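Here are my notes on this model. Please read them with the structure open. The points are numbered for easy reply.

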Amino acid sequence: VKTEEQLENLIDELKEVMKPQFEARKMTLNIKLQDGFPAIMADVNKVHRLITNLFGNTLKYVPPGGIVKVAGSYDEKVIKIEVIDNGIGIAKENLDKIFEKFFQVDGTYTRAAGGVGLGLAIAKEIVISHGGKIWAESDGIGLGSSIIFTLPIT
């Protein structure tokens, strides 16, 4: 069921809920949303899951002491959220594949991180079901990555 939601409040709530996990890994989570961030029509439980999955990925793929930035902006049609990290990065050929079910970037680090490769597939389904888009950007292995999504404004 979709209701009018303030994404800003949801992100702040999840930052507090996940704070112990970030602190345990000595990671910094910085959130900066453009002033006047608008409400969206959303299924709050699904968007909660979306943000949880994106934050959870950073906890898996950013080394201890890393930095995660959440940047939010908007125009007259959509909100845009970017989850930017200085973690392990993503090879160019895998940027689209990371949203496929059960796909995991090969490597010792990712195997050690656990999970079955559903987090970003679920994130993609949630974003699409809300009429948005999601994609990844990275300059390559070891160079961090950004997961970016847009959702329509109510």
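What do the buried residues of H4 pack against? Please keep in mind that this is a predicted model.

1. **H4 and its partners.** The buried residues of H4 pack against three elements: H2, strand E6 (133-137) and strand E7 (145-152). Those buried residues are Leu-120, Ala-121, Ile-122, Ala-123, Ile-126 and Val-127. The helix itself covers residues 119-129. Just after H4, Gly-131 has a positive phi of about 80°.

2. **The H2/H4 packing.** Two packed helices are described by the angle between their axes and the distance between the axes. For H2 and H4, the angle is about 145° and the axes are 9 Å apart. The crossing of H2 past H4 is left-handed. From H2, the contact uses Lys-46, Val-47, Arg-49, Leu-50, Asn-53, Leu-54 and Asn-57. H4 supplies Gly-119, Leu-120, Ile-122, Ala-123, Ile-126 and Val-127. Sorted by class, this contact has eight nonpolar, three polar and two charged residues.

3. **The nonpolar core.** The largest nonpolar core holds 38 residues. Leu-7, Phe-22, Leu-54, Phe-55, Ile-81, Ile-147 and Phe-149 have the most contacts inside it. Leu-54 also belongs to the H2 side of the contact with H4. Take Phe-149 as a case to inspect. Leaving aside neighbours within four places in sequence, Phe-149 is in contact with Leu-50, Ile-51 and Leu-54. Its other contacts under that rule are Ile-79, Lys-80, Ile-81, Val-127, Lys-133 and Ile-134.

4. **Aromatic pair one.** How many aromatic pairs does the structure hold? There are two. In one of them, the ring centres of Phe-22 and Phe-55 are 6.1 Å apart. Their planes stand at 85°, so this pair is edge-to-face. Phe-22 sits in helix H1 (residues 7-24) and Phe-55 in helix H2 (residues 44-61), so to speak of distant parts of the chain is fair: they are 33 residues apart. Phe-22 is buried, because its relative accessibility is 3% and the cut-off is under 20%. Phe-55 is buried too, at 1%.

5. **Aromatic pair two.** Phe-37 and Tyr-74 have ring centres 5.8 Å apart. The planes are again at 85°, so the pair counts as edge-to-face. Phe-37 lies in the loop between strand E2 (28-33) and strand E3 (40-42), and Tyr-74 lies in strand E4 (residues 67-74), so the pair ties together parts 37 residues apart in sequence. Is each ring buried or partly exposed? Phe-37 is buried at 5% relative accessibility. Tyr-74 is partly exposed at 27%.

6. **Thr-58.** This residue is in helix H2. Thr-58 is buried, with a relative accessible area of 3%. Not counting residues up to four places away in sequence, Thr-58 touches Phe-22, Met-27, Val-68, Val-83 and Asp-85. Phe-22 is also the H1 member of the first aromatic pair.

7. **Lys-26.** Check the backbone here. Lys-26 has a positive phi, near 55°, and is a residue other than glycine. Lys-26 is found in the loop between H1 and E2. At 65% relative accessibility, Lys-26 counts as exposed.

8. **Glu-4.** Strand E1 (residues 3-5) contains Glu-4. Glu-4 is exposed, with a relative accessible area of 55%. Beyond four places in sequence, Glu-4 is in contact with Ala-39, Ile-40, Met-41 and Thr-154. From Glu-4 to Pro-38 is 34 residues in sequence and 9.9 Å in space, C-alpha to C-alpha.

9. **Trp-135.** Where does Trp-135 lie? The answer is strand E6. Trp-135 is partly exposed, at 29% relative accessible area. Leaving aside neighbours within four places in sequence, Trp-135 is in contact with Phe-99, Ser-146, Ile-147, Ile-148 and Thr-150. Ile-147 is one of the core residues with the most contacts. Trp-135 and Pro-63 are 72 residues apart in sequence and 22 Å apart in space, C-alpha to C-alpha.

Conventions. Residues numbered from 1 in each chain as written. Predicted model: local features only at pLDDT ≥ 70, side-chain atom pairs only at ≥ 80, totals over all residues. Heavy atoms only, no water. Core = buried A, V, L, I, M, F, W, Y, C linked by side-chain atoms within 4.5 Å. Buried < 20%, exposed > 50% of the residue type's maximum accessible area, 1.4 Å probe, protein only. Contact = heavy atoms within 4.5 Å. Phe/Tyr/Trp six-rings, centres within 6.5 Å; stacked < 30°, edge-to-face > 60°. Helix = DSSP H or I, 4+ residues; strand = E, 2+ residues; numbered from the N terminus. Axes fitted to C-alpha atoms, helices over the stretch in contact; angles between N-to-C directions. Left-handed = near helix turned anticlockwise from the far one by under 90°. Nonpolar A, V, L, I, M, F, W, Y, C, P; charged D, E, K, R; others polar.
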